[in-house]
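Student: I am new to this structure and would like to learn how to read it, one feature at a time.
Tutor: Then let us look at it together.

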Amino acid sequence: MILKLIVFAAIGIFIYKLMGGKLPSIPKKRSKPKTQQPDGDTLVECSKCGTYVSIKEATLINGKYYCEECV
Ligand SMILES: [Zn+2]
């Protein structure tokens with residue numbers, strides 16, 4: 001059916017105009033801010049006692065790291 005094609009084209013043009021002549025862009029997924037990837041060897045300072053512990057052993061509470069003894 002050619003009529004269908006015309007209708008689809010019309011709708012397409014309508015949407016195209018509706019978007020201000022711009023092609024509708026798919027909003028990109030917000031990529032995570034590039035932060036240092038914490039690996040097992042990274043040392044973090046305990047917020048309470050100041051001891052450096054590996055990130056594996058540290059506990060993250062409210063954005064601060066604590067060693068096992070201070071948790
Ligand atoms: Zn501590």
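Student: Which residues coordinate the zinc ion?
Tutor: This is a predicted model, in which local features need pLDDT of at least 70, side-chain atom pairs count only at pLDDT 80 or more, and totals for chains, interfaces and linings use all residues. Residues are numbered from 1 along each chain as its sequence is written, and side-chain values use heavy atoms, with hydrogens and water left out. Donors are N, O and S atoms within 2.8 Å of the metal (3.2 Å for Na, K and Ca), and sites may look incomplete because water is not among the atoms. Here the SG atoms of C46, C49, C67 and C70 coordinate the zinc ion at 2.2 to 2.3 Å, and the spacing of these donor residues in sequence is C-x2-C-x17-C-x2-C.

Student: Why is the arrangement around the zinc ion called tetrahedral?
Tutor: Ideal angles for four tetrahedral donors are 109.5 degrees. Four donors count as tetrahedral if all angles lie between 85 and 135 degrees, and the four donor atoms here subtend angles of 104 to 115 degrees, so the arrangement qualifies.

Student: Is C49 buried or exposed?
Tutor: Buried means under 20% relative accessible area, exposed over 50%, and partly exposed in between (1.4 Å probe, protein chains only). C49 is partly exposed because its relative accessibility is 42%, whereas C46 is buried at 2% and C70 is buried at 19%.

Student: How many disulfides are there?
Tutor: A disulfide is a covalent bond between the sulfur atoms of two cysteines. With the cut-off for a pair of cysteine sulfur atoms set at within 2.5 Å, the count is zero disulfides.

Technical notes. Tetrahedral: all angles 85-135°; square planar, octahedral: opposite > 155°, others 65-115°.
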